[in-house]
Amino acid sequence: MTATSSSPAAHRRTFHHALANTLVASVVNATVWFAVTFWVYLETRSVFATGVVAGMFLGLTALSGVWFGGLVDRYRKRNVMLGSSAVSLVLYGASLVVYLAAGPEPFRDPASPVLWGLVLLLMSGVIVGNIRGIAMSTVVTLLVPESGRDRANGMVGTTTGVSFLVTSVISGLLIGLSGMLSVILVALALTAAVIVHLTALSIPEVRAVRTAGDDSHRTDLRGTIALVAAVPGLLALIAFSTINNFLGGILMALADPYGLSLVSVEVWGLLFGVLSTGFIIGGLLISKRGLGSNPVRTLLLANLVLWSVCSVFALRSSIVLLAVGFFIYLCVVPYAEASEQTVLQKVVPFERQGRVFGFAQSVEQAASPLTAFLISPIAQFVFVPFMTTGAGAEVLGPWFGTGPERGLALLFTIAGILGLILTLVAFASRHYRRLSRRYLEGAEQAAPVEPAAEPGGRELAAA
């Protein structure tokens, strides 16, 4: 498992091991997150409580991104990933102690401090795992030649799809088996295994050279924003990617209610599990064929497809139309995500990539819950009545349909059209042309130049 030479083959093997290690860690952390949500609802029967869990996760993710990115930039990538898993292991161990010591009664009360103390411990263990996603993006820069990074990012997207596909199934089975006890025990065992595997893996590391007076190492928000703003068009790239997350927020809030208005919960759950393979297929296609010569263009083209799907998959009350639309959506999402990663890996200097990836994560993660929070009351109090008893039912009803479900459908369609317009404006902007030109010209290489020995390993240069 230890890289023994600086050959491309050795780097490729190291990348595959790091990717597999991250996949297992991601599945563990995502399983804990899903399981906590299921368990809290089953214990308390409180929808509000599960909403708090989701808000806690998304809020902490958005707030921690910049700081996590700073850690990735300051320390060796393998050490950061090891530290992430070690902290998760400690937090999961503390959760086991609390769970066993408290007994079942406190967990049935949604106002119980013991319940929320346990939730906070478990969620913190999950959140710390987000460091790995940031670190893995920089590991791609370290180990993969520039010409192959789009394909490597496609592989990363495939692992994300795999973890998404299996997580809900695993967490549901574990909760049904013995509640949170089995979830925590599995998390402890697999996290320990991840640490053992990563300890035996040597990732070639480099040390960036800083000039006198260079304050690019700052990890505060103001310094990070200044760092991002220093790269022409980079804020625009993050904005382009955030557009996708606004759509994600709409789907987060409305997809389940709309789908459940068409089919039973059993059919919807099974269907969504099958459709999730689209994420894997998209990642595999990227890993085989790449993203084209201009990933910035690919990102915006992906946005056009995503918003087009949103504007048409609810035009009729059809589960087939909805399923086809969702499948296309999930196939295309990896293209948008891999495009952003590939551009950042080239236009951002390596020693600053952690903070930029962390900042992008914070901004983009904040978009989905914000949209979900805003769109839910709009749907409930404006669009549903409009298409049930309001003017919309009279004017649009004869060809669009009436009822609460058609209110949600109308909102999807309008959101899709607005997203299309926004993406076309982005295509015509000078920010798009500027960033595309910067990427194509390769004005600033992201590869580091000064090798430093990995403790206990050999001195290796970056790929």
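# Notebook: helices that meet

**Entry 1: H12 and H18.** I started with a small patch, where Pro 295, Val 296, Arg 297 and Leu 300 of helix H12 meet Tyr 432, Leu 435, Ser 436 and Tyr 439 of helix H18. I sorted these residues by class and got six nonpolar, one polar and one charged. A reminder to myself: this is a predicted model, so I am reading computed values throughout.

Next I looked up how the two helices lie. H12 covers residues 295–312 and H18 covers residues 430–441. Their axes are 8 Å apart and the packing angle is about 140°. That makes the pair oblique, because an angle has to be over 145 degrees to count as roughly antiparallel.

**Entry 2: the whole chain.** I stepped back for an overview. How many helices and how many strands does the chain have? I found 18 helices and zero strands. The chain has 463 residues, and 52% of them count as buried. About 19,600 Å² of the chain is exposed, with carbon and sulfur atoms supplying 68% of that area.

I also checked how far apart in sequence the touching residues are. Taking the contacts with a separation of 6 or more, 85% are between residues 24 or more positions apart. I kept that in mind for the pairs below.

**Entry 3: H1 and H7.** Helix H1 runs over residues 8–44, and helix H7 over residues 180–199. Their axes are 10 Å apart, at an angle of about 165°. Are they roughly parallel or roughly antiparallel? They are roughly antiparallel, because their angle is over 145 degrees. I noted the crossing as left-handed.

Then I listed who meets whom. From H1 come His 17, Asn 21, Val 24, Ala 25, Val 28, Val 32, Ala 35, Val 36 and Trp 39. They meet Met 180, Val 183, Ala 187, Leu 190, Thr 191, Val 194, His 197 and Leu 198 of H7. By class I get 13 nonpolar residues, four polar and no charged ones in this contact.

**Entry 4: Thr 22.** While in H1 I stopped at Thr 22, which sits in that helix. Thr 22 has a relative accessible area of 9%, so it is buried. What does Thr 22 touch, once residues up to four places away in sequence are set aside? The partners are Met 81, Arg 132 and Met 136.

**Entry 5: H11 and H13.** Helix H11 spans residues 277–289 and helix H13 spans residues 319–347. The axes of this pair are 7 Å apart, and the angle is about 45°. H11 is therefore oblique to H13. The crossing here is right-handed.

On the H11 side I found Thr 277, Gly 278, Phe 279, Ile 281, Gly 282, Gly 283, Leu 285 and Ile 286. The H13 side brings Phe 327, Leu 330, Cys 331, Val 333, Pro 334, Tyr 335, Glu 337 and Ala 338. The classes come out as eleven nonpolar, four polar and one charged.

**Entry 6: two residues of H11.** I picked Gly 278 and Leu 285 for a closer look, both from the H11 side of that contact. Is Gly 278 buried or exposed? Its relative accessible area is 0%, so Gly 278 is buried. Leaving out neighbours within four places in sequence, Gly 278 is in contact with Phe 327, Leu 330 and Cys 331. Gly 278 and Cys 331 are 53 residues apart along the chain, yet 4.4 Å separates their C-alpha atoms.

Leu 285 is partly exposed, because its relative accessible area of 36% lies between the 20% and 50% cut-offs. Not counting residues up to four places away, Leu 285 touches Gly 290 and Tyr 335. From Leu 285 to Tyr 335 I count 50 residues along the chain and 9.2 Å between C-alpha atoms.

**Entry 7: Leu 251.** My last stop was Leu 251 in helix H9, which covers residues 234–260. With a relative accessible area of 10%, Leu 251 is buried, because that is under 20%. Which residues does Leu 251 touch, not counting those up to four places away in sequence? I found Phe 313, Phe 326, Tyr 329 and Phe 412. Phe 326 is 75 residues from Leu 251 in sequence, and their C-alpha atoms are 10.0 Å apart in space.

Note on methods:
Residues are numbered from 1 along each chain as its sequence is written. This is a predicted model: local features need pLDDT of at least 70, side-chain atom pairs count only at pLDDT 80 or more; totals for chains, interfaces and linings use all residues. Side-chain values use heavy atoms; hydrogens and water are left out. Axes are lines fitted to C-alpha atoms, for helices over the stretch in contact, and angles run from 0 to 180 degrees between N-to-C directions. Helices (H or I, at least four residues) and strands (E, at least two) are DSSP runs, numbered from the N terminus. Angles under 35 degrees count as roughly parallel, over 145 as roughly antiparallel, 65 to 115 as roughly perpendicular and the rest as oblique. A crossing is left-handed if the near helix is turned anticlockwise from the far one by less than a right angle, and right-handed if clockwise. Contact means heavy atoms within 4.5 Å. Ala, Val, Leu, Ile, Met, Phe, Trp, Tyr, Cys and Pro count as nonpolar, Asp, Glu, Lys and Arg as charged, and the others, Gly among them, as polar. Buried means under 20% relative accessible area, exposed over 50%, partly exposed in between (1.4 Å probe, protein chains only). Accessible areas come from the Shrake-Rupley method with a 1.4 Å probe; for residues, only the protein chains shown count as cover.
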